[in-house]
Amino acid sequence: MASSIASCRIIASARRSHLRALPQEIVEVLGRRQASTSSPTPIRPLLRSTHQSSPTAKYNLRLASLAESTSGRPYLPRAAAEDNLTKAYKVCADMKASGVEPDQETYNALLKLCAAAERWEDAKGVWRDMELGKFGGSGEAWNHLIAAAAGARDRSRVVPALLAEARRSRLPPSAPAFASVVIGHARRGNLEGALRVLIEQDREGVQPTLEAIESAIIAASKAGEARIAVDLAKEWELNNPRRLPAEVWMEILRGCAEEQYLEGVEYAWRIAVLDSELLPDEGLCLSVLHVAGRHGKPDLGTSVVSVLGSMNVTYQEHHLAPLLQAFATSGDIKAAFSVLSTMRGAHIHPALETAYPIFTAIAGSVEEVDEAFYVLEQLKAEGAVIDVAAFNAVIQACAALEDLHRALHTYNEAAALGVVPNAETYNILLSACIDARNRDLGDSLLSEMKKQGIASDARTFERLIILCLTQDTYEDAFFFLEEMKSAGHIPPRTVYEALVRKCHASGDPRDRIALDEMRSVGYLVPESLAGLFQDVKIEERTKDIGTWNRAMHGWRDEKRRGWKGADGQRTGARGRFDEARA
C-alpha cells in the first residue's frame, strides 16, 4: 500500500546528487532502486520549513493526535492501530487536495502509526517519500522505522540491518525503538527474540522501557517460562524506581501457578493480592491452592481460602481439599483432621479420596499410624467432632501396612470417638481381609454392615467377590456377582478377570462363560488373559460407543426382568453360570 503523500511524487530523475547514497545493505532492506538517468529535471523538494501557524501545522496536529492515541499502549489491538493509520491516510489525502506540503513532523507521525500497526511495507513507502524531500531521516524517524520493521516477514534480517545502519548514521536506536521491537516479538509469542533484543539493548547501555519489560514478562508467563518472568520482574524493580503494575504481577502469578513454581507463586501472590489488593478469579485461586497443597504450604492455602471467602464464593470440596493436602504434606495431621470436620460442618461430604493426603502422610510406619490415632483421641477430648473420613484414613493406613489387628482395633474404637462407620469403612476392612485371606472375618463384617443398615455399594460387592476367590471354595463369588448386578452396579473388568483366572486355574468350565460375559459388557480381553485360551484372539482396538451402549441397554433389560424368562427360570448370565456348573 502506498500513502497519499507517496502517490503525489513519482521518481522521474536520477540527477539527484543532493540525496545521500545509502549503503547497499539498507538499500536492500528498504527496497530502493537506483534512479534512472533519463529524466531531465530533478523533483522539486517536497518538504519546506513550516511554522505552527502554517497550514501544515493544522494537519500535523490531527496526525499527532492519532499517533499519540497509540503511544504507551503496547497491547493496543492491531485492528485499532490500523484504523488510526487509515484515518491518517485520509488526513494526508486532505493535505494533497488542499495543496499543503508535509514536513518532518508529518512523516514522523506517519511512521509512528505504521509502527503501531506493524505495517512494514507502509513504513517503507513513507520513508521513500520522505527521502524524495531531501530528508535522510531524523533519529525519531529511524526509531519508528525500526519499530515498524518488527512486522516484516523477514524481520530477523531486516531489524538487525536497520539497527546497524542507524548506528553508522550516528543515530543509535532509542529505548522506544527497542521497545517496539521487543513488543513486536512478544505479541507473536517469540520470547527468544524479545529476550535477544533486551540483551542487545543492555549491552548498548540503553535502559528498557516499562512497556517493553511488561510485554516480555507476559510473553514469558504465557510461554510457560515462569522463572524467566519472575527474574525479569525482580531485576526491573531492583534497578528502577518505577514499579510494575499489579496486573502484570497477576499474570506472573498465573504463569507460576500453571508451572507449579512455588517461589514465584508466593512472591507474586504477596505483591498482586496481599499488597495491591487485586482480586484473582476463582480459577487462578484454585491453581494457587493446588500449588500450596502439593508443596505443603498451609499458610498460602489459608490465604487463598480467605480471599475466596471475601469474594463470596460458596466453598466446595475442591476448594478445601488442597488446603487439607497442604496441612497433611507439612506434617500437621491435627489441622488436616480439622479441615475434614470443617467441610462436614459446611455440608460438604468429603470422600475417602479427599482424605487420601492424610493416608499418604501416615502410612509410612506403625508409629505414624498410632500418632494419628492419638490425635483423633486428643481432638475428641477437646470436644471436636471426628469426621468419619479421618477415621477411615487411619484404618486405611493400617490396612496398607497389612496390620489387620490394628485396623480392627481402630474400628472397635469408633463408638468411643463418636464416629459412625460408613460403607467406606467396611470396604477398607474387607480389603484387609483379602490381603489376609480371612473369609470368616469378611462374613462377620458383612453381617455387621447389614445390622447397621448400611447398603453395599459397588466397591463392597467387588471386594466380597475377590475375597471369595481367595478361598478354595469360591461358589459365593458368583452369588455376589448376581447380587451386584441386581443392585444396578456394573461389575468392573477386574472382577471378570479374577473370575476367569480362578475358574481356569481350578479347571472350572465357567471360565469361558465369564470371558464371554466380560466381552458382552464391552470390556477388552487383555493379552495376559487371552493367553490362557488357545482359540481366543487378542482384541487390539476398543469397542465403539454403539457396542457399549447396546450392551448396557441389554444389561438393564435383563435387570428389569429380574434375570428370569417367561417360564420363571433364570436367564442371562446367572442362567449360563448355573447351566455350566450343572
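Reader: Hi! How much surface does the protein expose, and what share do carbon and sulfur atoms supply?

Author: The protein exposes about 28,400 Å², and carbon and sulfur atoms supply 50% of that. Areas here come from the Shrake-Rupley method with a 1.4 Å probe, and for residues only the protein chains shown count as cover. One thing early on: this is a predicted model, where local features need pLDDT of at least 70, side-chain atom pairs count only at pLDDT 80 or more, and totals for chains, interfaces and linings use all residues. Residues are numbered from 1 along each chain as its sequence is written, and side-chain values use heavy atoms, leaving out hydrogens and water.

Reader: Ok, how many helices and strands does the protein have?

Author: There are 32 helices and 0 strands. Both are DSSP runs numbered from the N terminus: helices are H or I with at least four residues, strands are E with at least two.

Reader: And what percentage of the residues is buried?

Author: Of the 582 residues, 49% are buried. Buried means under 20% relative accessible area, exposed means over 50%, and partly exposed is in between, using a 1.4 Å probe and protein chains only.

Reader: What about helix α7, how many of its residues are buried?

Author: In α7 (residues 139-148), 8 of the 10 residues are buried, so this helix is largely enclosed by the rest of the structure. Among them are Trp142, Asn143, His144 and Leu145.

Reader: Which residues touch the most other members of the largest nonpolar core?

Author: Phe337 and Ile358 do, in a core of 172 residues. The largest share of this core, 10 residues, comes from helix α21 (residues 388-400). A nonpolar core is a set of buried Ala, Val, Leu, Ile, Met, Phe, Trp, Tyr and Cys residues joined through side-chain atoms within 4.5 Å. As background, nonpolar side chains tend to be buried together in soluble globular proteins.

Reader: So what is Ile358 in contact with?

Author: Leaving aside neighbours within four places in sequence, Ile358 is in contact with Leu324, Ala328, Ile333, Ala336, Phe337, Leu340 and Ala393. Contact means heavy atoms within 4.5 Å.

Reader: Back to α21 for a sec. Is Ala400 buried or partly exposed?

Author: Ala400, which lies in α21, is partly exposed, with a relative accessible area of 44%. Ala400 and Thr360 are 40 residues apart in sequence, and their C-alpha atoms are 9.9 Å apart in space.

Reader: What share of the contacts joins residues 24 or more positions apart?

Author: Counting contacts in the protein with a separation of 6 or more, 67% come from residues 24 or more positions apart.

Reader: New topic: rings! How many aromatic pairs are there?

Author: The count comes to 7. Rings of Phe, Tyr and Trp (its six-membered ring) pair if their centres lie within 6.5 Å; planes under 30 degrees apart count as stacked, over 60 as edge-to-face and the rest as tilted. One of the pairs is Trp249 with Tyr267, which is tilted, at 5.5 Å centre to centre with 50° between the planes.

Reader: Why does that pair tie together separate parts?

Author: Trp249 lies in helix α13 (residues 246-258) and Tyr267 in helix α14 (residues 262-275), so the pair ties together parts that are 18 residues apart in sequence. Trp249 is buried at 1% relative accessible area, while Tyr267 is partly exposed at 26%.

Reader: Got another pair?

Author: Sure: Tyr496 and Tyr523 are tilted too, 6.3 Å centre to centre and 55° between the planes. Tyr496 lies in helix α28 (residues 493-505) and Tyr523 in the loop between α29 (510-521) and α30 (527-530), so this pair ties together parts 27 residues apart in sequence. Tyr496 is buried at 0% relative accessibility, and Tyr523 is buried at 15%.

Reader: Which charged end sits over the ring of Tyr267?

Author: That of Arg270, 5.0 Å from the ring centre. Lys234 also lies over the face of Tyr267, at 4.5 Å from the ring centre. The rule is that NZ of Lys or CZ of Arg is within 6 Å of the ring centre and within 35 degrees of the ring normal.

Reader: Last one: how many disulfides does the structure hold?

Author: It holds 0 disulfides, a disulfide being a pair of cysteine sulfur atoms within 2.5 Å. As for cysteines, Cys92 is buried at 1% relative accessibility, and Cys433 is buried at 0%.
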